[in-house]
Amino acid sequence: MLDVLGLEPDDERVYRALLGRPNSTAILLSDEVALPYAHVDKALSRLVGWGLVTRSADDRFTAAPPAMALGALISQRRDGLRMAEHALVTFAEEHRAAMTGSSIDDLIEVVTGADAIRHRFLQVQQAARAQVRSFITAPFVALPPDENTAEPVAIGRGVQFRAVLDRAVLAEPGIVDDAIDSLGKGVQLRVADELPMKLVLADADLGLVPLAVTPDGEPGAVLLHRSGLLDALDALFETVWRTAHPLALSATGGETETTVEVGPQGPTELDRRILGLLLAGLTDPTAAAQLGLSPRTLHRRLRHLMDMAGVRSRMQLGAYAVRNGWAVPPRT
């Protein structure tokens, strides 16, 4: 709840515990919040630094009144946001001035043909210094995800990859294995019900937007440089990213239908993959096909998971899975 103010989860837990137990020691708080002493000690140091907690000479801690302490933090955040807004105006003016006099040909390049699009697709990723963001939809015009040779190279030099998949893409053969491989490399994946276009963005400098096939059967695309249109696509990606569902999958190590028993401490890796696909919105038949299971086996696994969770509906199972770490919660 207080992460918007810069507090970490441990900080908030310790502060809330202190509200009801003033004049406590770090050892007592460690028992109260069920956290290691070292974590509590670090949290207390941060809270004291922010003025949320006071420390006595004998190392006892008391929470400062929330209205005063948290109110001050909120005011600081408001001041910081106002300064950021002023900086945004200045940067926007500098950007517009830099682009003044640029011709349309300098800002937009039309690319025609699958080979040319593939070449530009790889170049855009190679040009990225910090991040690559993309919308992935079917059919794959340039090249399928498993043939994207630029991605592992860019990841190797520290480029962050974020991608939103159109839900229909998850029905493509082999896409789940490709997604698991990408997740293992650090790519962040989310799923949206429907995406408006294909898109690849390299930092805030380049954008590739594949277009519809031309009348003579050739696929086309536009390569965008810094411009108002590229800014709009940047904002569009971030808006869709915030509302898309995180895709959480993991490898099963080759498990088959005969080796899918529930472990003593929770769901198996196959169970987690089932939950990840269903939480992403796949239908039962599609999820079963992607995992190489029969619909009956998938239903049996779900029934077992519902029994483990003590719930009666799929909706309750989904909420329980997120709440108890059976699935990855949304991240911004």
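This dialogue walks through several features of a predicted model.

Q: Let's start with the sheet: in which order do the strands run?
A: Reading a sheet means listing its strands by neighbour. Here, eight strands make an open sheet with mixed pairing, ordered β3-β9-β8-β7-β4-β5-β6-β10.

Q: Which strands stand at the edges?
A: They are β3 and β10 (245–246). Each has a single partner strand, so one side of each is left without a neighbour in the sheet.

Q: How do strand β8 and strand β9 pair, parallel or antiparallel?
A: Look at the sense of the pairing and then at the bridges. Strand β8 (residues 206–210) and strand β9 (residues 220–224) are antiparallel, with four bridges between them. One residue to pick out is G207, whose bridge partner in β9 is L224.

Q: What does L230 touch, leaving out residues up to four places away in sequence?
A: Contacts of this kind show which parts of the chain meet. L230 touches L201, A204, D205, L206, G207, L224 and H225, so both members of the G207 bridge are on that list. L230 itself belongs to helix α9 (residues 228–243). Its C-alpha atom is 6.6 Å from that of G207, although the two are 23 residues apart along the chain.

Q: Is L230 buried or exposed?
A: The relative accessible area decides, with buried meaning under 20%. L230 has 3%, so it is buried. S134, in strand β4 (residues 131–136), is buried as well, at 12%. Beyond its neighbours within four places in sequence, S134 is in contact with R162, A163, V164, L199, V200 and F237.

Q: Where do the buried residues of α8 fall, seen down the axis?
A: First list them, then check how they are spread around the helix. In helix α8 (residues 175–184), the buried residues are I175, V176, A179, I180 and S182. They fall within an arc of 165° around the axis, so they line one face of the helix. The cover over them includes α7 (150–156), β6 (188–192), α10 (269–279) and α11 (284–291). After α8 comes G186, with a positive phi near 100°.

Q: Now the surface: which residues form a nonpolar patch?
A: The patch consists of I108, V110 and L229, which together have about 260 Å² of accessible area. V110 lies in strand β3 (residues 108–112) and is exposed, at 62% relative accessible area.

Q: How many salt bridges does a search of the whole structure find?
A: The total is 18. A useful habit is to read each one with its distance and its place in the chain. E109 and R120 meet at 2.8 Å, N to O. This pair links distant parts of the chain, with E109 in strand β3 and R120 in helix α6 (residues 114–127), eleven residues apart. E109 is partly exposed, at 27%.

Q: What separates D115 and R118 in helix α6?
A: About one helical turn, because they are three residues apart in the helix. Their side chains form a salt bridge of 2.7 Å, N to O. D115 is exposed, at 58% relative accessible area, whereas R118 is partly exposed, at 29%.

Q: Which residues are linked in a network of salt bridges?
A: R133, R162, D234 and E238 are. You have already met R162, as a contact of S134. For another pair to look up, D59 forms a salt bridge with R55, with the closest N and O atoms 3.5 Å apart. D59 is partly exposed, at 42%, and R55 is partly exposed, at 41%.

How values were computed
Residues are numbered from 1 along each chain as its sequence is written. This is a predicted model: local features need pLDDT of at least 70, side-chain atom pairs count only at pLDDT 80 or more; totals for chains, interfaces and linings use all residues. Side-chain values use heavy atoms; hydrogens and water are left out. Patches are made of residues with over 30% relative accessible area and no salt bridge: like charges are joined within 9 Å, nonpolar side chains (Val, Leu, Ile, Met, Phe, Trp, Tyr) within 5 Å. Accessible areas come from the Shrake-Rupley method with a 1.4 Å probe; for residues, only the protein chains shown count as cover. A salt bridge is a side-chain nitrogen of Lys or Arg within 4 Å of a carboxyl oxygen of Asp or Glu. Helices (H or I, at least four residues) and strands (E, at least two) are DSSP runs, numbered from the N terminus. Buried means under 20% relative accessible area, exposed over 50%, partly exposed in between (1.4 Å probe, protein chains only). Contact means heavy atoms within 4.5 Å. Two strands pair if DSSP finds at least two bridges between them. The arc is that of the directions from the helix axis to the C-beta atoms.
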